[in-house]
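Hi everyone, thanks for making time. I'd like to walk you through a structure that will be new to most of you, so have a look at it first.

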Amino acid sequence: MTVYFIGAGPGAPDLITLCGLRLIENCQLCLYAGSLVPQEVVASAPKSARIIDTAPLTLDEIIAEIKQAETKGIDTARVHSGDPSIYGAIAEQMRRLDRLEIDYEIVPGVPAFAAAAAALKTELTLPEVAQTIILTRTAMKSSSMPKGEELENLARTGATLAIHLSVRNLAHVRRALEPEYGADCPAIIIYRATWPDQLIIRATLSTIAAKARKAKLTRTALILVGRVFDNHDFRDSALYDSAHEHVLRNRKT
């Protein structure tokens, strides 16, 4: 018996990997985060499968379902949104499974920040503008930030920021980032990227909070901040430069 932690992708059912889909098609127990994973993703489970929305369940209740499946020798698809390695809350589940000596594997998925970049038709790294992407969040009621990871510290890098779980904390985002990025720095909210009701709000650090309030956004949104979003004069990369030699392309003499 194996538990498969499957990244379902950002929302669109056809963005799940082939590997993840095939596993769901063959698992007799399917546990999925119903508030973030569309039902179409788990609709491919066998007709005889037990399908459970874990949104109202506790960790103990989820593990109890897996333990019951283990006694029956039934494989379990544990379906999470995006890629389960990012804010997926799988570490605590795997720790429990380690103690129970239940085997598990992880199937990666398309993360929200990648889906957001695709929706924006943009690249998150540009030559001499930004070569670093930081995935982070802000402190909220559920969780504080580790020392040193405060947004003010990360702002000093000037990197492209993908800020999760923080759409209700935009006033703090502005205060933390404006001294380094500037009030006019592009700030974009992508609500439910790739879902049918996807919404993109383009703003600046000085205007993003007001625009989010007007749209009444309170959850399921990603914030992107950085100069890559308004820079059209960046130089071409060396990768395809005719004067650049590399092992697969020698410069003609």
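Before anything else, one bit of vocabulary: when I say buried, I mean under 20% relative accessible area, exposed means over 50%, and partly exposed is what lies in between. And keep in mind that this is a predicted model.

With that in hand, take Tyr 104. Its relative accessibility is 22%, so Tyr 104 counts as partly exposed. Tyr 104 has a partner, too. If you search the whole structure for aromatic pairs, you get 1, and it is Phe 5 with Tyr 104, edge-to-face, 6.0 Å centre to centre with 80° between the planes. Phe 5 sits in strand β1 and Tyr 104 in strand β5, so the pair ties together parts that are 99 residues apart in sequence. Phe 5, for its part, has a relative accessible area of 0%, so we call it buried.

So where do β1 and β5 belong? They are both in an open sheet of 5 strands, paired in parallel, in the order β3-β2-β4-β1-β5. At the edges you have β3, residues 50-53, and β5, residues 103-107, and each of those pairs on one side only. On average, neighbouring strands here are turned by 15° against each other, ignoring direction. Zoom in on β1, residues 2-7, and β4, residues 76-80: they run parallel, with 5 bridges joining them. In that pairing, Ile 6 stands opposite Val 79 of β4.

Now for the helices on this sheet. Helix α1, residues 18-26, lies across β1, β4 and β5, and runs at about 135° to β1. Helix α3, residues 59-72, lies across β1, β2, β3 and β4, at about 165° to β2.

While we're at α1, a word on cysteines. How many disulfides does the structure hold? The count is 0. Take Cys 19: the closest cysteine sulfur is in Cys 27, and at 10 Å that is too far for a bond. Cys 19 is partly exposed, because its relative accessibility is 43%. Cys 185, on the other hand, is at 0%, so that one counts as buried.

Let's move along the chain to helix α7, residues 170-181. Which of its residues are buried? They are Leu 170, Val 173, Ala 176, Leu 177 and Tyr 181. Those residues cover an arc of only 130° around the axis, so they are on the same side of α7. There's a textbook point behind that: an α-helix has 3.6 residues a turn, so residues three or four places apart point the same way. Turn to the face away from the buried side and you find the exposed residues Arg 175 and Pro 179. And what covers the buried residues? The cover includes α6, β7, β8, α8 and β10. Right after α7 comes Gly 182, with a positive phi near 90°.

Last stop, β8, residues 186-191. Of its 6 residues, 5 are buried, so β8 is largely enclosed by the rest of the structure. It runs antiparallel to β9, residues 199-204, and 6 bridges join the two; there, Pro 186 has Thr 204 as its bridge partner. β8 is also antiparallel to β10, with 5 bridges, and Ile 188 stands opposite Leu 224 of β10.

That's my tour, thanks for listening.

Methods. Residues are numbered from 1 along each chain as its sequence is written. This is a predicted model: local features need pLDDT of at least 70, side-chain atom pairs count only at pLDDT 80 or more; totals for chains, interfaces and linings use all residues. Side-chain values use heavy atoms; hydrogens and water are left out. A disulfide is a pair of cysteine sulfur atoms within 2.5 Å. Buried means under 20% relative accessible area, exposed over 50%, partly exposed in between (1.4 Å probe, protein chains only). Two strands pair if DSSP finds at least two bridges between them. Helices (H or I, at least four residues) and strands (E, at least two) are DSSP runs, numbered from the N terminus. Axes are lines fitted to C-alpha atoms, for helices over the stretch in contact, and angles run from 0 to 180 degrees between N-to-C directions. Contact means heavy atoms within 4.5 Å. The arc is that of the directions from the helix axis to the C-beta atoms. Rings of Phe, Tyr and Trp (its six-membered ring) pair if their centres lie within 6.5 Å; planes under 30 degrees apart count as stacked, over 60 as edge-to-face and the rest as tilted.
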